[in-house]
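Student: I work at the bench and want a close look at one part of this protein, the aromatic ring pairs. Please set the whole chain out before you get to them.

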Amino acid sequence: MNKISSSAFKTVSSPVESSVAKPRAAAPSAQNGPAAQETAGAPAATPNLGTSVLVQGTTAYGVSLKADIVSDPVAVNVVISWGDGTTTQASTNGTSTVERTHTYAKLGVYDVKVELSTATATASNGVTIATPGSAYTPAGPARLLDTRDGTGVGSAAKVLPDHAVQVKIAGNAGVPAGVTAVALNITVTDPVGGAGHIIAYPDGTERPTTSNVNYTEGQTVPNLAIVPVGADGYVTLFNRGAASVDLIADIAGYFSHAPAAGYTGVSPTRVVDTREGLGTARGQVAGWTSFPVQVRGAAGVPSGAKAVALNVTVTDPKTDGHLTVYPGGQAAPTASNVNFRAGQTVANSVIVPIGADGRIQVLNGAGGGSDVIVDVVGYYSDDSKSAFLPVQPLRLLDTREASWGMGPLNGQNYIYMPLSDGLPQFTGFVLNSTVTNTKDAGHLAVFPDPNSIDRYNNGTATLPVKPNISTLNWKAGDTVPNLVQANPGVNGIVDFWNASGGDIDLVVDMFGVYQNN
């Protein structure tokens with residue numbers, strides 16, 4: 001994990017030919033007469049001195065610099081100005097290479113400059129770089145795309161099999177230019193013609209082989225995705241399947257290089273369960289009514305948190321509908337987080353701004369009653385340094401593939417996944433978990449493992465206690481995805497627990513990490 005491949009690790013360079021070189025001013029001469037005046041008026045020779053500059057991102061806050069210096073065989077003093085008020089000095093002799101690393105205290109855009117000086121000349125060259133990591137700004141919820149009515153695409157039309165639709169992010173719904181990634185709630189509805197999945201990725205880049213939302217004929221399936229934004233400010237949603245589908249995309253927030261909120265994961269904690277009266281009144285939420293949830297001061301969420309990361313589940317709804325989660329003290333937006341059919345149990349990951357009153361609001365957008373469950377998994381605040389780094393989408397596990405040597409995950413059993421053991425700088429992981437070939441109804445719980453990798457290796461690990469939370473829910477035969485903002489805990493290990501009576505196949509894809517250095 002210490003050598004993740006991230007599209008944010010950009011290389012910025014300036015060639016030696018771009019150096020600005022000049023001779024040092026000559027000391028005043030005591031010589032008088034025409035000869036001295038002629039020398040003083042002569043143009044100075046261009047010094048043989050210059051440097052290229054190459055800067056590459058290495059961590060969320062870190063960069064490496066390489067300066068290839070061209071010089072006569074004389075002593076050269078090197079000063080690297082990092083753009084944050086700090087400098088690094090070096091000395092060399094003649095043509096040579098200087099390499100240094102630097103870690104910024106804050107995310108941002110910086111002017112990096114390399115200045116050279118010899119006894120007779122000076123030269124400089126520089127580049128402008130952005131820290132690879134990004135911080136989070138809540139936005140919305142707001143609808144950016146709805147192919148059913150033409151929102152975001154101009155006219156209503158289903159997305160055909162093996163076709164794509166582009167979603168404008170930058171410059172839309174108050175999102176500024178230059179954003180690096182976006183949190184989108186993507187919903188597939190009314191698939192006609194078969195099964196498939198949706199792939200979300202930066203517009204103008206190669207399409208990955210991972211998936212974000214899996215669907216079958218006739219399903220309505222939501223899933224949160226955290227997606228890098230293309231250089232043109234768009235995200236592409238590709239329909240990889242046999243069905244024509246309608247797509248809905250609602251924004252929850254965006255990431256940028258500007259200092260904003262960092263992420264802190266917590267041990268997943270249940271704060272609402274209407275079946276038991278936890279966190280709200282006991283009993284189903286009536287149709288088209290909402291209830292508040294106090295999140296600041298609950299489940300480890302501090303008073304300064306700007307947004308909260310949740311897993312929200314609807315169960316036993318009496319009619320078709322949706323849940324909308326939005327900041328307390330505000331009107332309900334025309335967006336949805338969890339879409340469901342009567343009788344379904346559906347979970348979805350949610351990131352929502354926290355209202356000024358410290359609350360969020362949950363609306364049951366259905367004609368009939370529904371039970372609602374809310375689990376807190378993390379929060380975003382100015383006090384956290386953990387910045388988001390998108391990674392090249394990577395499949396971490398697929399129990400269907402013989403190459404993994406595992407086979408299905410048995411009922412009431414778990415898989416432990418060492419993601420950052422010995423690497424405390426990785427504070428969270430943006431994963432997509434999908435269950436398929438499900439033999440019985442149940443749910444998946446994702447949580448930090450209390451054991452160290454050494455205890456697993458020496459046979460002293462104890463069975464983890466599954467917390468009272470759920471990450472996704474299914475019935476026998478279902479294929480269900482859900483985004484997971486996984487907390488690796490103090491041991492850097494994440495558990496995936498099959499809380500059902502039957503086997504499942506489990507697929508886990510990684511889309512990003514949170515890093516504090």
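Student: Among contacts in the chain between residues at least 6 apart in sequence, what percentage join residues at least 24 apart? Then take me through the ring pairs and the other places worth a look.

Tutor: The answer is 80%. A contact here means heavy atoms within 4.5 Å. Before the details, some ground rules. This is a predicted model, in which local features need pLDDT of at least 70, side-chain atom pairs count only at pLDDT 80 or more, and totals for chains, interfaces and linings use all residues. Residues are numbered from 1 along each chain as its sequence is written, and side-chain values use heavy atoms, with hydrogens and water left out.

Start with confidence. The score is pLDDT, the predictor's confidence in each residue, from 0 to 100. Its mean over the chain is 94. Of the residues, 95% reach 70 or more. Residues 34-43 are a weak stretch, with pLDDT under 50 throughout. For that stretch the model has one contact beyond four places in sequence. Where pLDDT is low, the predicted coordinates should not be read in detail.

Now the overall build. The chain has 517 residues, and 55% of them are buried. Buried means under 20% relative accessible area, exposed over 50%, and partly exposed in between (1.4 Å probe, protein chains only). There are 34 strands and two helices. Both are DSSP runs numbered from the N terminus: helices are H or I with at least four residues, strands are E with at least two. The C-alpha trace spans about 105 × 60 × 45 Å along its principal axes.

Next, the rings. The structure holds 13 aromatic pairs. Rings of Phe, Tyr and Trp (its six-membered ring) pair if their centres lie within 6.5 Å; planes under 30 degrees apart count as stacked, over 60 as edge-to-face and the rest as tilted.

Look at Tyr 380 and Tyr 514. Their pair is edge-to-face, with 6.3 Å centre to centre and 65° between the planes. Tyr 380 lies in strand E26 (residues 371-381) and Tyr 514 in strand E34 (residues 505-515), so the pair ties together parts that are 134 residues apart in sequence. Both rings belong to buried residues: Tyr 380 has a relative accessible area of 0%, and Tyr 514 has 1%.

Compare Tyr 416 and Tyr 456. This pair is stacked, 3.6 Å centre to centre, with 15° between the planes. Tyr 416 sits in strand E28 (residues 413-418) and Tyr 456 in helix H2 (residues 453-457), so distant parts of the chain, 40 residues apart, are linked. Tyr 416 is partly exposed at 32% relative accessible area. Tyr 456 is buried at 15%.

Go back to Tyr 380 and Tyr 514. Ring pairs join these two with Tyr 136, Phe 255, Tyr 263 and Phe 388 in a cluster.

Turn to the backbone. Gly 140 and Pro 141 are joined by a cis peptide bond, with omega about 5°. Pro 141 is part of strand E11 (residues 135-146). Trp 288 is not a glycine, yet has a positive phi of about 55°. This Trp 288 is in the loop between strand E19 (262-273) and strand E20 (289-294). Trp 288 is exposed, at 56% relative accessible area. Asp 316, not a glycine either, also has a positive phi of about 55°. Its loop runs between strand E21 (305-315) and strand E22 (321-327). Asp 316 is partly exposed, at 36% relative accessibility.

Two more loop residues deserve a look. Ser 470 lies in the loop between H2 and strand E31 (472-474). Ser 470 is buried at 6% relative accessibility. Beyond residues up to four places away in sequence, Ser 470 touches Arg 270, Asn 311, Thr 313, Asp 375, His 443 and Leu 444. Leu 444 comes up again with Gln 412: the C-alpha atoms of these two are 9.9 Å apart, and 32 residues separate them along the chain. Gln 412 is in the loop between strand E27 (387-398) and E28. Setting aside neighbours within four places in sequence, Gln 412 is in contact with Trp 497, Asn 498, Ala 499 and Ser 500.
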